[in-house]
Amino acid sequence: MEQPKKKSLEKLLHMTRQHKDMINIMPLQTGSILTPAAREALIEFGDGYSVCDFCTGSLANIPNPPIQEFVHELLPQFLGCDVATITHGAREGIFAIMHSMARPGDSIIVDRNRHYTTSVAAERLGLNLIKVPNSDHPEFKIDVNNYIPLIEEHKPRMLLLTYPDGSYGNLPDTHRLGEIARKYDIPYIVNGAYSVGRMPVNMAEIGADFIVGSAHKSMASTGPAGVLGMKKKWQEIVLRKSESHKNKELELLGCTLRGVPLITLMASFPHVVERVNQWDEQVTKAQWFSGELEKLGFIQLGEKPHKHDLLAFETPMFYEFSQHVRERGYFLYKELKERGIWGPQPGMTRNIKTSSFAASREQLSYVVDSFRAIINKYS
Ligand SMILES: *Cc1c(COP(=O)(O)O)cnc(C)c1O
């Protein structure tokens, strides 16, 4: 039999990632850049099952490294929930809730701006996905009062709100939906993949039943890793134990994060807890950055004034330029890379998504100047 070719993998040994030391404005990555502590722990705990030295049967109860304290004390406090656990990511958290709480054919009401993984999780389970519309171009806002008629019509098993969504960075009124959920007595999930770890979010204050976060998106962690918080009353459903293996949670197949992603999440956690307190400055910075880009002719989509670092723009000028250059859509990526900026998806010109979270104001000024120079060069 022919052996698999391994040349390409051998190269990994000496590979540096292209955007090392560049200014990163790529939304997927700005909230997950490791802290120095996490980077160190990453090497030390890199071997498989490295957290399991002192396991007595339950991952969340391992005392050393201090997973028990993290999962049972620090995380619930941070999320504002009664009970927390760790997952492989936001989508796995959402899937675990859906899978344990709903049956095929049940309805779930979600916002139109939901992440694709919410739809895919529902599809995998045979749930009926009902979508609350957004206000359409240019703000694409979700008015949570629009959940009400759909609740009355469909009698859903659950409500889900994406806070913020990953397309526009809009922050809908989670508290108001909390009131609605209470009034109709329907379990309510907040998807905080882009908020938990960036900004203050508290499940109890919102009045939600579940909160989901993504460690490799917003908690300065490697992945896949995520967090899931819930009210105590859902613990016996979502975190129910196996009949045959009494200390293994069925929905989690026993143990989720069995190594290094959990360690980086924990190593960065003290920093993450601190950084959410600087959220007001992040918002001011995002608004200023958006304003500067609009002066260049970018058109910001999503809520204005914007309240999140994730910013989507229409950039018709770049699309126009791409029609006349050899590299087509890739010219923008190339121009930015030459200037030390890692950001918009290679090939994209008509719309771009950026995040101001990781860059300083000085760096963002330089990004604005670079966009201006690129526009002048091609005009
Ligand atoms: C990125 C993202 C997800 C997926 O997060 P994972 O942790 O990778 O599963 C889910 N929802 C939203 C809104 C996102 O932006």
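Visitor: Which residue has a side-chain N or O atom 2.9 Å from a nitrogen atom of the ligand?

Guide: Keep in mind that this is a predicted model. Look for the spot where a ligand nitrogen meets an N or O atom of a side chain. At 2.9 Å, that partner belongs to Asn191.

Visitor: And how far from a ligand oxygen atom is the backbone N or O atom of Ala90?

Guide: Ligand oxygens turn up in two pairs here. One has a side-chain N or O atom of His216 at 2.9 Å. The other has a backbone N or O atom of Ala90, and that distance is 2.8 Å.

Visitor: How much of the ligand's accessible area does the protein cover?

Guide: Taken on its own, the ligand has 390 Å² of accessible area. With the protein around it, the covered share of that is 95%.

Visitor: Which elements give two or more residues to the shell around the ligand?

Guide: The ligand has 13 residues around it, with Ala90, Arg91, Ser214, His216 and Lys217 the closest. By class, the shell splits into four nonpolar, seven polar and two charged residues. The elements that supply at least two of them are helix 5 (90-101) and helix 10 (215-218).

Visitor: Over to Leu9: is that residue buried or exposed?

Guide: Leu9 sits in helix 1, residues 7-10. Together with Leu12 and Met15, Leu9 makes up a nonpolar surface patch with about 340 Å² of accessible area. The relative accessible area of Leu9 is 56%, and the cut-off is over 50%, so Leu9 counts as exposed.

Note on methods: Residues numbered from 1 in each chain as written. Predicted model: local features only at pLDDT ≥ 70, side-chain atom pairs only at ≥ 80, totals over all residues. Heavy atoms only, no water. Patch = residues over 30% accessible without salt bridge, like charges linked within 9 Å, V, L, I, M, F, W, Y side chains within 5 Å. Areas by Shrake-Rupley, 256 points an atom, 1.4 Å probe, with all protein chains shown as cover. Salt bridge = Lys/Arg side-chain N within 4 Å of Asp/Glu carboxyl O. Helix = DSSP H or I, 4+ residues; strand = E, 2+ residues; numbered from the N terminus. Buried < 20%, exposed > 50% of the residue type's maximum accessible area, 1.4 Å probe, protein only. Near = heavy atom within 4 Å. Polar contact = N/O pair within 3.5 Å; in protein donor to acceptor, adjacent residues only side chain to side chain. Nonpolar A, V, L, I, M, F, W, Y, C, P; charged D, E, K, R; others polar.
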